[in-house]
Amino acid sequence: MTTTPTGKSALEGIRVIDMSRVFAAPVGAQILGDLGADVIKVERPGVGDDGRGYGTAWVKGKDGIETRQSSFFTVSNRNKRSITLNHSKPEGQEIIRKLVETADVLIENYKVGDLARFGLDYESLKAINPRLIYCSVTGYGQTGPMAALPGYDGLFQATGGMMAVTGIPDGQPGAGPLKAGPSLVDFITGHNTALAIMGALMYRNRTGEGQYIDIALLDTSVAMVSHIMQDYLISGVAPPRLGNGGNGGGPADLIHCSDGIIYLTAGTDEHYRRLTVLMEQPELFTDERFDSNFKRGKTNRAELMDIINDWSRRFTLAQVQAMLDEAGIPAAKYNELSEVWEYPQVQHRELRARTPHAYAEAGHVDLIGSPLAKMSASPATIRMAPPMLGEHNEQVLGDLGYSAERIAELREAKII
């Protein structure tokens, strides 16, 4: 992925104040930054975003510098400038208001009503800048009986239905609900945040009006169960957990080779027919146990997968993959994390984005490329590594008209 601009960015000229922390909302702000917006991240003096302390790995700094850039922070805060600010003090509130005068978007994920105590809620800031788009991201939304409760990803995987349809099927060892490894509700909420803001920007282009956006992890967690939840709404019957089985049809599952694992998806009748021919068992195509997509994917799935695995175990992964590819049957190698970056198509798509980092021991940091990088006219780009805490205080405050002396006074008073 390119780490420098290739042309005019989609959101060039848009300024975003990012007052969010941890993961979901910062992901949304980062997407806007990838698309060219000037994102100013506001962090607590001396502490910063809570996400700087999350995760299991940190970017190693040079010359003994502690970057305080954890995996959580690094993956969700590139293309941002960091300032430190104590918004509980009048001087800090004044800086926020000055920024709002210059801004198009403000993103925050404080508890409901928190920023209103400091005059930094939407209604207060709208009076300063009527064109402002103000986006609040919370666990349960701004209203309702649970609005005041804190929320994190795992809670919503449990509450919204994801865990109900994820895990080993009932009746098998280890059966039961299972949380997805990544923070998927957070991640998709971040994308919904960016999508809502871009929609609001388009609306403002037509009307001149800003607006308030209420984004909730709960809403995302229910929506992301998607077609499986729709199955329930149509039938009133909860679909069973299928482990690694596909949700659309079958056979779709992991198959084991002599030296590795492949994920197979032969869910259409034609793909299944080709598979039976490839396995030299064409009679399976008309076998009454497997003669419908529903039987292959649901009622008799385990029995069919045993038959396919008996066949695939006779060959190496390379052999099975080559046979399936030649037959036009969708299949892909299972990769451990280290193998993902050796995968030829991942390399071709430049999904490992090496980005210069002035404070990193290596002089760079490897980031995950944006899925939006292949837009022909205005691709997402990586222009800046995730910022050090308060790295841009002088730059941002100077642009607002603060003198070097005043900035030093604010630092001494622990306002910044």
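**A cavity and a three-stranded sheet**

The largest cavity in this predicted model has a volume of about 40 Å³. With the cut-off set at 30 Å³ or more, the count comes to 1 cavity. What lines the largest cavity? Going along the chain, the lining starts with Ser20 and Arg21, picks up again at Val42, Glu43 and Arg44, carries on with Gly48 and Asp49, and finishes with Tyr110. Sorted by class, that lining comes out as 2 nonpolar, 2 polar and 4 charged residues. Val42 and Tyr110 are the nonpolar ones, Ser20 and Gly48 count as polar, and Arg21, Glu43, Arg44 and Asp49 carry the charged label.

Now for the sheet. Strands E9, E10 and E11 make up an open sheet of 3 strands, in the order E9-E10-E11, and the pairing is antiparallel. Strand E9 (252-256) and strand E11 (331-333) sit at the edges; each has a single partner strand, so one side of each is left without a neighbour in the sheet. From one strand to the next, the twist averages 25°.

A look at the pairing of E9 with strand E10 (residues 261-265) fills in some detail: these two run antiparallel to each other and are joined over 5 bridges. Which residue of E10 does Leu254 stand opposite? That spot is taken by Tyr263.

The sheet also has a helix to go with it. Helix H11, covering residues 301-312, lies across both E9 and E10, and its direction is at about 35° to that of E9.

Notes:
Residues numbered from 1 in each chain as written. Predicted model: local features only at pLDDT ≥ 70, side-chain atom pairs only at ≥ 80, totals over all residues. Heavy atoms only, no water. 1 Å grid on protein atoms, 1.4 Å probe; cavity = no way out; pocket = protein on both sides within 12 Å on 5 of 7 lines; lining within 4 Å. Points joined across faces, edges and corners; volume = space filled by probe spheres on them. Pairing = 2+ DSSP bridges. Helix = DSSP H or I, 4+ residues; strand = E, 2+ residues; numbered from the N terminus. Axes fitted to C-alpha atoms, helices over the stretch in contact; angles between N-to-C directions. Contact = heavy atoms within 4.5 Å.
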